[in-house]
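Q: I'm new to this one. Could you take me through a single part of it up close, namely the nonpolar core and what sits around it?

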Amino acid sequence: NRTGQRLKILPPESAKYTQFFFLVSLCVAAIIMTNLLEFPEPTCVWRQEHFLDTAAYVHLSLDACTVRFVPASSKSHPENQVSSIKINFAYQDSYGITLDAQTCGANATFMLVNQLRDAEKYK
């Protein structure tokens with residue numbers, strides 16, 4: 001016991017374990033409560049995917065859009081054999097939102113066009 005205290009790997013004998021266990025219990029309860037609360041589902045859905053095999057330059061013009069670069073090795077066959085970059089786009093399911101993609105050639109351009117009213121654009 002004394003060796004552990006000299007090496008500072010054990011708390012001193014005067015330590016107040018009640019406070020420590022109360023704090024740990026409070027943290028565990030907070031984590032459990034956070035996991036039990038229901039968070040609203042995002043309104044974005046994965047809509048388009050593109051392979052950028054010849055692109056040397058990529059320009060993204062996005063408006064409240066989520067972009068995810070996916071490693072091919074995590075996909076199933078035959079996608080895991082592809083050496084190019086695959087890019088997925090998620091955006092709101094709405095009539096006024098479109099993605100304009102120009103992927104032919106060395107310059108790839110993606111422009112998310114959001115024509116919704118300002119009150120609806122970012123909800």
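A: Here is a walk through the core and two residues that touch it.

This is a predicted model, where local features need pLDDT of at least 70 and side-chain atom pairs count only at pLDDT 80 or more, while totals for chains, interfaces and linings use all residues. Residues are numbered from 1 along each chain as its sequence is written, and side-chain values use heavy atoms, leaving out hydrogens and water.

The largest nonpolar core has ten residues: Leu52, Ile87, Phe89, Tyr91, Ile97, Leu99, Ala108, Phe110, Leu112 and Leu116. A core here is a set of buried Ala, Val, Leu, Ile, Met, Phe, Trp, Tyr and Cys residues joined through side-chain atoms within 4.5 Å; buried means under 20% relative accessible area, exposed over 50%, partly exposed in between (1.4 Å probe, protein chains only). Two or more core residues come from each of β4 (85-92), β5 (97-102) and β6 (107-114); strands are DSSP runs (E, at least two residues), numbered from the N terminus.

Now for histidine 50, in strand β1 (residues 44-52). Histidine 50 is buried, at 15% relative accessible area. Not counting residues up to four places away in sequence, histidine 50 touches several others, including Ile87, Phe89, Leu99 and Phe110 (contact means heavy atoms within 4.5 Å).

Asparagine 114, in strand β6, is buried too, with 11% relative accessibility. A polar atom of the asparagine 114 side chain lies 3.2 Å from the backbone nitrogen of leucine 116. Leaving aside neighbours within four places in sequence, asparagine 114 contacts Asp63, Gly96, Ile97 and Lys121.

Technical notes: Helices (H or I, at least four residues) and strands (E, at least two) are DSSP runs, numbered from the N terminus. A polar contact is a pair of N or O atoms within 3.5 Å; within protein, one must be able to donate a hydrogen and the other to accept it, and residues adjacent in sequence count only if both atoms are side-chain atoms.
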